[in-house]
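Subject: Structure for you to look at

Hello,

The structure is below, with the sequence. My notes follow it.

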Amino acid sequence: MIYSDDGRSDRAIEAFKKVVALTPELPQGWLYLAINYEAETRYAEALEAYLKERRRRALGLKVLERAGKGRVAGEAHRLLEEGRRDRP
């Protein structure tokens with residue numbers, strides 16, 4: 001998935017690390033980071049990212065939005081989209 005389809009999980013990992021640094025409260029970045037760690041057989045890091053994604057998803061985006069913390073920074077959104085691009 002993401003860059004991993006083209007054998008570029010390492011690039012995706014770097015992009016999603018930036019996404020989660022900018023918006024750590026949103027689960028999507030953690031999920032894509034975990035998927036790419038797994039593609040690189042970095043299972044301990046994948047598990048940690050999956051657990052963070054699960055915790056954040058459990059909180060619910062609606063709760064975060066109501067608290068005013070669910071806004072996605074423009075740079076984070078750009079990096080997330082960059083991680084989804086480059087697919088045939």
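Tyr50 is found in helix 3; helices here are DSSP runs of H or I with at least four residues, strands are E runs of at least two, and both are numbered from the N terminus. With a relative accessibility of 28%, Tyr50 counts as partly exposed (buried is under 20% relative accessible area, exposed over 50%, partly exposed in between, with a 1.4 Å probe and protein chains only). Leaving aside neighbours within four places in sequence, Tyr50 is in contact (heavy atoms within 4.5 Å) with Leu31, Ala34, Ile35 and Glu38. Its C-alpha atom is separated by 8.3 Å from that of Leu33, 17 residues apart along the chain.

Before the rest, the conventions. This is a predicted model, in which local features need pLDDT of at least 70 and side-chain atom pairs count only at pLDDT 80 or more, while totals for chains, interfaces and linings use all residues. Residues are numbered from 1 along each chain as its sequence is written, and side-chain values use heavy atoms, with hydrogens and water left out.

Overall, the protein chain has five helices and zero strands, so the order from the N terminus is α-α-α-α-α. Of its 88 residues, 35% are buried. Among contacts with a separation of 6 or more, 63% are between residues 24 or more positions apart.

The largest nonpolar core (buried Ala, Val, Leu, Ile, Met, Phe, Trp, Tyr and Cys residues joined through side-chain atoms within 4.5 Å) has 13 residues. Phe16, Trp30, Leu33, Tyr37 and Ala49 have the most contacts inside it. Helix 1 (9-22), helix 2 (27-39) and helix 3 (43-59) each supply at least two residues of this core, and the largest share, six residues, comes from helix 2.

Two residues that touch each other are worth listing together. Not counting residues up to four places away in sequence, Trp30 touches Val20, Pro24, Ala49, Lys52, Glu53 and Arg56. On the same basis, Glu53 touches Pro27, Trp30 and Leu31. Glu53 lies in helix 3 and, at 10% relative accessibility, counts as buried.

Next, the packing of helix 1 on helix 2. The angle is about 155 degrees and the axes are 9 Å apart; axes are lines fitted to C-alpha atoms, for helices over the stretch in contact, and angles run from 0 to 180 degrees between N-to-C directions. The two helices are therefore roughly antiparallel (over 145 degrees; under 35 is roughly parallel, 65 to 115 roughly perpendicular and the rest oblique). Helix 1 contributes Ser9, Ala12, Ile13, Phe16, Lys17, Val19 and Val20 to the contact, and helix 2 contributes Gly29, Trp30, Tyr32, Leu33, Asn36, Tyr37 and Ala39.

Ala15 is also found in helix 1 and counts as buried at 5% relative accessibility. From Ala15 to Gly29, 14 residues apart in sequence, the C-alpha to C-alpha distance is 9.4 Å.

Finally, a backbone point. Thr41 lies in the loop between helix 2 and helix 3 and, at 51% relative accessibility, counts as exposed. Its phi is near 55 degrees, a positive value in a residue other than glycine. Most residues other than glycine have a negative phi.

Regards
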